[in-house]
Amino acid sequence: VNGDLSFAILSIVVVWLYMWFHTRSVFLTNSAMFQIVMSLPTGYFLYYNLFQIHYYSTLNVLVIYLALGIGADSVFVMNDSWLQSRSDPSIKTTQGRIFYSLTRTVTACFNTTLTTVMSFVATTITPVMPI
């Protein structure tokens, strides 16, 4: 168990370092990682209390890697669209850059998250046993 926890912590640190390298902002990286990590107890609360699912297997622990991947991807997409908004001459205000960035990010993140969700849906309806 200690080795698994070490790998999970190492994964968080590696994602933090890469996010910091990509965004070049400690504040943005810390904020994003806080939101990603806090989504785990929030999701577990909903899973256990709201949906009343009391089954919890060791496979459920892998959700940390899924959350890290989806969360970091969303941060990278938002950061890149923010940087791209700088090169658009029709955008003159900060509010315009935010609107441009959020519009592009919502569309892109919706599509990537939808494909991830659909892959899990496909896994649930196939007769092939998971890991």
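# Exercises on a four-helix chain

In this predicted model, D4, F7, A8, S11, I12, V15, Y18, M19, H22 and T23 of α1 meet I64, Y65, L68, A72, V75, F76, N79 and D80 of α3. Let's start from that contact and work outwards.

## Exercise 1: α1 against α3

Work out what classes of residue make up the contact of α1 with α3, and how their axes cross.

Solution. Start with the classes: twelve residues of this contact are nonpolar, four are polar and two are charged. Now turn to the axes of the two helices, which come within 11 Å and cross at roughly 5°. Angles under 35 degrees count as roughly parallel, so α1 is roughly parallel to α3.

## Exercise 2: the largest nonpolar core

List the residues of the largest nonpolar core, then find which element gives the most to this core.

Solution. First, the list: the core has twelve residues in all, namely A8, V15, M19, A32, M33, I36, I64, A67, L68, A72, V75 and F76. Next, sort them by element: α1 (2-23), α2 and α3 (63-85) each give two or more. The top giver is α3, with six residues.

Now pick one core member, A67. Skipping residues up to four places away in sequence, A67 touches I36, S39, L40 and A72.

## Exercise 3: two residues of one helix

Take T29 and Q35: is T29 buried or exposed, and is Q35 buried or exposed?

Solution. Place them first. T29 sits in helix α2, which covers residues 26-50, and Q35 lies in helix α2 too. Then check the areas. T29 has a relative accessible area of 0%; buried means under 20%, so T29 is buried. Q35 comes out at 58%; exposed means over 50%, so Q35 is exposed.

What does T29 contact, leaving aside neighbours within four places in sequence? The partners are W16, M19, W20 and T23. As for Q35, look across to G71: the two are 36 residues apart in sequence, yet their C-alpha atoms are 8.3 Å apart in space.

## Exercise 4: positive phi in the loops

Find where R24 and Q52 lie, and say what phi each one has.

Solution. Go loop by loop. R24 is in the loop between α1 and α2. Its phi is near 60°, a positive value in a residue other than glycine. With a relative accessible area of 63%, R24 is exposed.

Move on to the loop between α2 and α3, where you'll find Q52. Phi of Q52 is near 55°, again positive in a residue other than glycine. Q52 is exposed as well, at 51% relative accessible area.

## Exercise 5: the whole chain

Decide how spread out the chain is next to a compact globule.

Solution. Begin with the make-up: there are four helices and zero strands, running α-α-α-α from the N terminus on. Then compare two numbers. The radius of gyration is 18 Å, well over the 14 Å that the globule rule gives for 131 residues, so the chain is more spread out than a compact globule.

A few other values fill in the picture. Along the principal axes, the C-alpha atoms fill a box of roughly 55 × 35 × 30 Å. Of the 131 residues, 18% count as buried. Finally, take the contacts with a separation of 6 or more: residues 24 or more positions apart account for 52% of them.

Definitions and conventions
Residues numbered from 1 in each chain as written. Predicted model: local features only at pLDDT ≥ 70, side-chain atom pairs only at ≥ 80, totals over all residues. Heavy atoms only, no water. Buried < 20%, exposed > 50% of the residue type's maximum accessible area, 1.4 Å probe, protein only. Contact = heavy atoms within 4.5 Å. Core = buried A, V, L, I, M, F, W, Y, C linked by side-chain atoms within 4.5 Å. Axes fitted to C-alpha atoms, helices over the stretch in contact; angles between N-to-C directions. Parallel < 35°, antiparallel > 145°, perpendicular 65-115°, else oblique. Nonpolar A, V, L, I, M, F, W, Y, C, P; charged D, E, K, R; others polar. Rg over C-alpha atoms; globule rule 2.2 N^0.38 Å.
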